[in-house]
Amino acid sequence: MLEIVRQQMICIVAPGWTGGAEVSKQLHDALDALLDDVAMVHFASIGLLPALAGAPNQQPVLVLELAVEEGFRPYDLLYRLVYHHDGAMWALFGSMVAPGVAVPTAKDKQQLLSQLMSWHSIADGGFVGARDRSVRQIKMESDLLEQTRIEARKLKPKYGNDRTAFALALARWAYTNPRFGWAATPAPRSYWRGKGASIGAKLAYPVAAIVLWFVVLGIVWTLPRAYNWFFGEPGHVGRAIEDAVTKTSECLLTISWHGLLAFAVIAFLVWLFLVPLPAQFVSWRRWLNSVQQELDRPTDTLSSLATYAGGWIIGVPLLLAIAACAIAYTFAPLAYALAPDYMHTVIEPKLPKLTGLQITGIAVVAIAAVLGIGTLFYWLNRYFTGLSKKFFHPLEEDVPRAQQIHPSVERCEADLVGGTQHMFSLTELRGPQWWSAWCIRQALRIVTFAGRVFFTQGWLGNAPGIHFGHWHIIDNGRRFLFCSNYDGNFGGYLDDFINGAAVGTTLAWRWTELHPRAPALEGQPGIAKARSFPPTRFVIFRGVKCELRFKSYARDSMLPHLYRFDACNRTVDQINLATGLRDALFGERNEKNDDLIMRAIET
Amino acid sequence: MKLSTYEPDALPPGARSLSYGVFCWLNRHVTVLRALGALLRRWPAIGGRFGLVARASAVKDVLMRTRSFSNTAHAANMVSGDYLIGMDPGPTYSADRDLVHARLAALDVPADSDVEAQRRIKALRGRGAAGFDLIDEYLMWVVFRAMRPLFGAATGAVVAGSVTDASKGDVDEDLQRQYMLEIRYVAGQLLAGSLATLDLRRRAEACGDALQARIDRVTGTIGAAWGVKSSSADIERNAVGLAWISHPVTVQSGALVVQELLGRQKVYDELWSLADKLGEPAVWADPEFRKIVRNHVLELMRFRPIFPLLARDVPRDTEMTTGARQNAGCPGGGKVSLLSIAALFDSRVVPQSGRYCPDRDWGNEDALRYLMFGYGYRQCPARDYAVEILTSALIGLLTLPRLQLARGEGKAIAYDGPLMLCMRMRTT
């Protein structure tokens, strides 16, 4: 399921670029014509990466970023691009495959295709904002939006503020316009945005998997008995097999029940601590917020250090103890099956014998104690304000310099003002690189999964305006490339991440650092001084919340693009609006649709 | 021109892979379909409840009632635009059908297919005991050569996708191969394409777009070669349709025929011995031998039809005979499915239907013998040409030393959805 997302964002990382730091006008136009004609690429960019330190070939690395429609396998996509009659891909990569060949034969193209396949990298993780839409669909829906606005201006004097009649007139106009016949069918939606949008549908998968697992165990347990029932009592071998199957299936069944119960208890506790308790007790809510704030606090105040230390002293051991209890409870049946005597004679006497009432009492006392501690600190903060102020007083932010933006990056951003912005960021993986690469991949899987299944309305967490954001681990796990196509400007974009998707962004970047590197070519940015990603706490806290450091880090990692293609040039909001208008114009006439039409023409 | 605007998968993850996987598996294991067909022939009312017909009389009846059971069921699977096979009868259908008949009349079959088969066999023989890919190195070229007159003087331009490079398309085999791969994926969608997984659909759409763009660039040349003065849209529609439907379907049928033949070692041995006795060039010239091989091709196609299942749209409420006491109701807007493979094995009309018998006397049911090409007015107009091309191809293979699937080096047959992608063979 995640591969379909990852395949939408491809980077061709081609070492040995011998061209200059600019793409010729002729090639620029040819690439535009190619990508326009194939109508499957939303965004494309070309950039130059400095060669990898220590690589035998110290020429720059050419990167072609492609953000494409859903469902294409890289081979099929590259096949279409390479074999396109205008030969733009050959003009770009031909000299790196077969120097001196101006007009490629079919064999040359096949060679290029093979080479591109060896250079290509599908995203290790990514997020697509305007999902389920093809390039052609976005263009057609944008046209519908434009035409509707034009028609609305004509009809405005007639209908004035009568919104219902106005919407009805526009819907009639759209219905009778043969140009928009395609819009009569509702805009297509993938499963997670359509039938699978509800929480119930999302939960159905794990529930079905659990039920299936128990059914399989039940069948395995039943099989020997069914056999005996059909064919009579078994012999020695048959009985041994029956015993083995019965014991194994019963043991697995008990382990499964225990695991499920342990999971349910932990899930209940997490829910209790994070949902009802904060909702019921203000002090609890404040304490939770305070803990999060202190862990995220970019400056090293006493309060944040105390919280961090408290986390290590209390939080981590507590969580480890809970995990250990859960594991012990889950696998206890296995221990009983393998060493029953040892469990009965050695372990059991050491376990406290508590009744259910006693356990409940302990739980209540524990919760009350935690609440009491929280309340105590709340009162202390409130009545000893001077001490509290001193305690929370921020230290100086340790940022060596303000953000220095390389002129080439600035020029690229200026070129894209008014359109969709773009960003290339190149960082190195922290050592040991295999461990960093593994951690990043796991983190990106989580981000991609969440984006695919939960964040289906164009927002990643609370961060809006991302068209295609994707991460690639390249150069055999040594470097980390991030490409993004987003609305607005760079500062606002990073602010959205810092405030809206802090955990995901920290997870994606915390295992990276910046090494000194020479510019790919003259006029390109290099890095003079090594930098680290802002320090994190407990893997997911702080990090990007060190705003200045993070922005400075991101700025320093950036590279300019040499070429940029935007098939539709619409913001995510405009795309969503146009799709909504299509569904509203051709849907049933009700208040909601009328309102949507009015908002679309007034926006 | 049809523009592909893809639809995301609205089914839960895994559901489409599962259903399409089952379809492809059934398509490859037609014995299971035949068993299912036997059950439905025995109890046709059960099939009727699910809109399925299996008896020969019922299948023929549905195929004859072209107004009640429409070919538009194919339309959803045609990624490169409308064409005859998915149209309802009407002026466009009639005009296109006339054009196709005119183009088919230009074919010089079996002369062309014989020539190419001989050329390819000679090349394969020259390679000695090395294995070869039946599809990539033999069948697709034989069929391509036989069907060249479809585009006449414009063939080179169609292959090269450009008027200026027209001559290149005539000589560059890599260009020709690329063209044939492109149309193969478009044709592959005809087999339950709307059920296919997203990546297969998208590949077919990309190839369909590429095919349309290719034809669009050379429409004028095609029109001149055909000597017609139709609008460019008409020429384009027919050229695109002719390109994707003619070649890949015949090639796949050929591969299925050979697969079935190799599974019947005794039949293969008999045919091979006959060809060996005749020797070259008599195998190509002897009309009696050709007739025998032709009968075998048809019988092999009966066992391995390329479309064992057919679908038809139901435009309005109607009923269909299934062979049960009562007709089955067919609600308008729905679909019916025809188990054509079950009809081909219906012992009520096919004597000793389970036996492999190329010389069977079909009596009044001779038309049913060609059910794999459809039935009645909507039957494939290229039926006889396709059989002749496959006959040439099979004769060629019979002149080689004994063949067998090249097992032992991975799978001899690689599938791509329901299509055979390659079929590696070796001589013994």
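Biologist: So a residue is exposed if 12 or fewer other C-beta atoms lie within 10 Å of its own, and buried if there are 20 or more. Which residues of H17(A) are exposed, then?

Modeller: Trp434(A) and Gln442(A), and they sit on the other side of H17(A) from its buried residues. Keep in mind that this is a predicted model.

Biologist: OK, and which residues of H17(A) are buried?

Modeller: Ser436(A), Ile440(A), Ala443(A), Leu444(A), Val447(A), Thr448(A), Gly451(A) and Arg452(A). Around the axis they cover an arc of only 165°, so they end up on the same side of H17(A).

Biologist: What covers those buried residues of H17(A)?

Modeller: The cover includes helices H1 (2–6) and H19 (502–509) of chain A, plus strands E5 (125–128), E6 (421–429), E7 (466–474) and E8 of chain A.

Biologist: How far apart are the end C-alpha atoms of H17(A)?

Modeller: They are 30 Å apart. That agrees with the expected span, because 21 residues (433–453) at 1.5 Å a residue should also reach 30 Å.

Biologist: You mentioned E8. Where does Phe480(A) lie?

Modeller: In strand E8 of chain A, which runs over residues 479–486.

Biologist: Is Phe480(A) buried or exposed?

Modeller: Buried: 27 other C-beta atoms lie within 10 Å of Phe480(A), and the cut-off for buried is 20 or more.

Biologist: And which residues does Phe480(A) touch?

Modeller: Setting aside residues up to four places away in sequence, Phe480(A) touches Thr427(A), Leu429(A), Ile440(A), Trp471(A), Ile473(A) and Thr512(A). You've met Ile440(A) already, as one of the buried residues of H17(A).

Biologist: Let's zoom out. What is chain A made of?

Modeller: Its secondary structure comes to 22 helices and 14 strands. Chain A has 603 residues, and 34% of them count as buried. Its C-alpha atoms fill a box of roughly 85 × 80 × 70 Å along the principal axes.

Biologist: What share of its contacts links residues 24 or more positions apart?

Modeller: 77%, counting the contacts in chain A with a separation of 6 or more.

Biologist: How many residues does each chain bring to the contact between A and B?

Modeller: Chain A brings 27 residues and chain B brings 23. On the chain A side, helix H3 (74–82), H5 and helix H6 (135–159) each supply at least two residues. H5(A) gives the most, with three. By class, that side of chain A has eight nonpolar, nine polar and ten charged residues.

Biologist: H5(A) also meets H4(A), I think. At what angle do they cross?

Modeller: The axes of H4 (residues 88–97) and H5 (residues 106–119) of chain A cross at roughly 80° and come within 10 Å. So H4(A) is roughly perpendicular to H5(A). H4(A) puts in Met89(A), Trp90(A), Phe93(A), Gly94(A) and Val97(A), while H5(A) puts in Lys109(A), Gln111(A), Leu112(A), Gln115(A) and Leu116(A). That contact has six nonpolar, three polar and one charged residues.

Biologist: New topic, chain B. Which helix there crosses H13(B) at roughly 90°?

Modeller: H10(B), residues 173–188; the axes of H10(B) and H13(B) (residues 232–262) come within 8 Å. They are therefore roughly perpendicular to each other. The residues of this contact divide into nine nonpolar, one polar and one charged; among them are Met180(B) of H10(B) and Trp244(B) of H13(B).

Biologist: And H2(B), which residues are buried there?

Modeller: Leu33(B), Arg34(B), Gly37(B), Leu40(B) and Arg41(B). Seen down the axis they fall within an arc of 125°, so they line one face of the helix. Thr31(B), Val32(B), Ala35(B) and Arg42(B) are exposed on the other side. The buried ones pack against several chain B elements, including helix H1 (15–28) and strand E6 (335–339).

Biologist: Last one: where's Ser162(B)?

Modeller: In the loop between helix H8 (155–160) and helix H9 (166–171) of chain B. Ser162(B) is partly exposed, with 17 other C-beta atoms within 10 Å. Leaving aside neighbours within four places in sequence, Ser162(B) is in contact with His85(A), Ala157(B) and Arg217(B).

Methods
Residues are numbered from 1 along each chain as its sequence is written. Chains are lettered from A and ligands numbered from 1 in the order in which they are written. This is a predicted model: local features need pLDDT of at least 70, side-chain atom pairs count only at pLDDT 80 or more; totals for chains, interfaces and linings use all residues. Axes are lines fitted to C-alpha atoms, for helices over the stretch in contact, and angles run from 0 to 180 degrees between N-to-C directions. Helices (H or I, at least four residues) and strands (E, at least two) are DSSP runs, numbered from the N terminus. Angles under 35 degrees count as roughly parallel, over 145 as roughly antiparallel, 65 to 115 as roughly perpendicular and the rest as oblique. Two residues are in contact if their C-beta atoms, placed from the backbone, lie within 7 Å. Ala, Val, Leu, Ile, Met, Phe, Trp, Tyr, Cys and Pro count as nonpolar, Asp, Glu, Lys and Arg as charged, and the others, Gly among them, as polar. The arc is that of the directions from the helix axis to the C-beta atoms. The expected span of a helix is 1.5 Å times one less than its number of residues.
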